[in-house]
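Dear colleague,

I am handing over the structure below, and I would be glad if you could look through it alongside the notes that follow.

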Amino acid sequence: MHDWDLPWEGGCRCGKVRFRVTVPPLVTMACHCKGCQRMSASAFSLSAAIPSEGFDLTLGEPVIGGLHGETNHYFCPWCMSWMFTRLPGMDWFVNLRASLLDDTRWYAPFIETSTAEKLPWAATGAPHSYEGFPPLDAYEGLIEEYGRLGPARR
Ligand SMILES: [Zn+2]
Ligand SMILES: [Zn+2]
């Protein structure tokens, strides 16, 4: 019913690290937090939560960057593009930087987070908006709704 057109390929700015996605995202997000503004050098970060079994590196070896803290932010070791994030205790999904995909036509953020920190003009069109992050018990319903609606492509 949904036209996800998997698998998807993507990579960093220089192409030395490449990846493949074979499973649809659980949900997509734009984050307005100051940390994402700094790390993306932009108004907000864009991501897609990909189940770990559907995410494979096909070229190169990313390195840890960002805060080097509990949350692991992976970067290309050559061009330093921020590529994906793994959260402690949540290794069942990878938070992939969605703009690194070769084809982003399907992509739209479904949730936007940390709007309390957003730049005054920044707007993403996400149907679900949170000043901080969604309460933990909201994710199940959000993921269910996103899966039902499918890709926002073309
Ligand atoms: Zn690179
Ligand atoms: Zn953020």
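Four donors count as tetrahedral if all angles lie between 85 and 135 degrees. With that criterion in mind, and bearing in mind that this is a predicted model, the metal site can be described as follows. The four donor atoms around the zinc ion (ligand 1) subtend angles of 105 to 115 degrees, and the arrangement is therefore tetrahedral. The protein donors are the SG atoms of Cys 12, Cys 14, Cys 76 and Cys 79, which lie 2.3 to 2.4 Å from the zinc ion, and along the chain these donors follow the spacing C-x1-C-x61-C-x2-C. Distant parts of the chain are linked in this way, since Cys 12 sits in the loop between strand S1 (8-11) and strand S2 (18-21), while Cys 79, 67 residues apart from Cys 12, sits in the loop between strand S7 (72-75) and strand S8 (82-86). As to accessibility, Cys 12 is buried, at 8% relative accessible area, whereas Cys 79, at 25%, counts as partly exposed.

The other residue I looked at is Trp 82, which is placed in strand S8 and is buried, with a relative accessible area of 8%. Leaving aside residues up to four places away in sequence, Trp 82 touches Cys 36, Met 39, Ser 40, Ser 45, His 73, Tyr 74, Phe 75, Arg 97 and Leu 100. The side chain of Trp 82 also makes a polar contact, at 3.2 Å, with the side chain of Thr 85. Leu 136, by contrast, is 54 residues from Trp 82 in sequence and 25 Å from Trp 82 in space, C-alpha to C-alpha.

With best wishes

Note on methods:
Residues are numbered from 1 along each chain as its sequence is written. Chains are lettered from A and ligands numbered from 1 in the order in which they are written. This is a predicted model: local features need pLDDT of at least 70, side-chain atom pairs count only at pLDDT 80 or more; totals for chains, interfaces and linings use all residues. Side-chain values use heavy atoms; hydrogens and water are left out. Donors are N, O and S atoms within 2.8 Å of the metal (3.2 Å for Na, K and Ca); water is not among the atoms, so sites may look incomplete. Four donors count as tetrahedral if all angles lie between 85 and 135 degrees; four count as square planar and six as octahedral if opposite donors are over 155 degrees apart and all others between 65 and 115; anything else is irregular. Helices (H or I, at least four residues) and strands (E, at least two) are DSSP runs, numbered from the N terminus. Buried means under 20% relative accessible area, exposed over 50%, partly exposed in between (1.4 Å probe, protein chains only). Contact means heavy atoms within 4.5 Å. A polar contact is a pair of N or O atoms within 3.5 Å; within protein, one must be able to donate a hydrogen and the other to accept it, and residues adjacent in sequence count only if both atoms are side-chain atoms.
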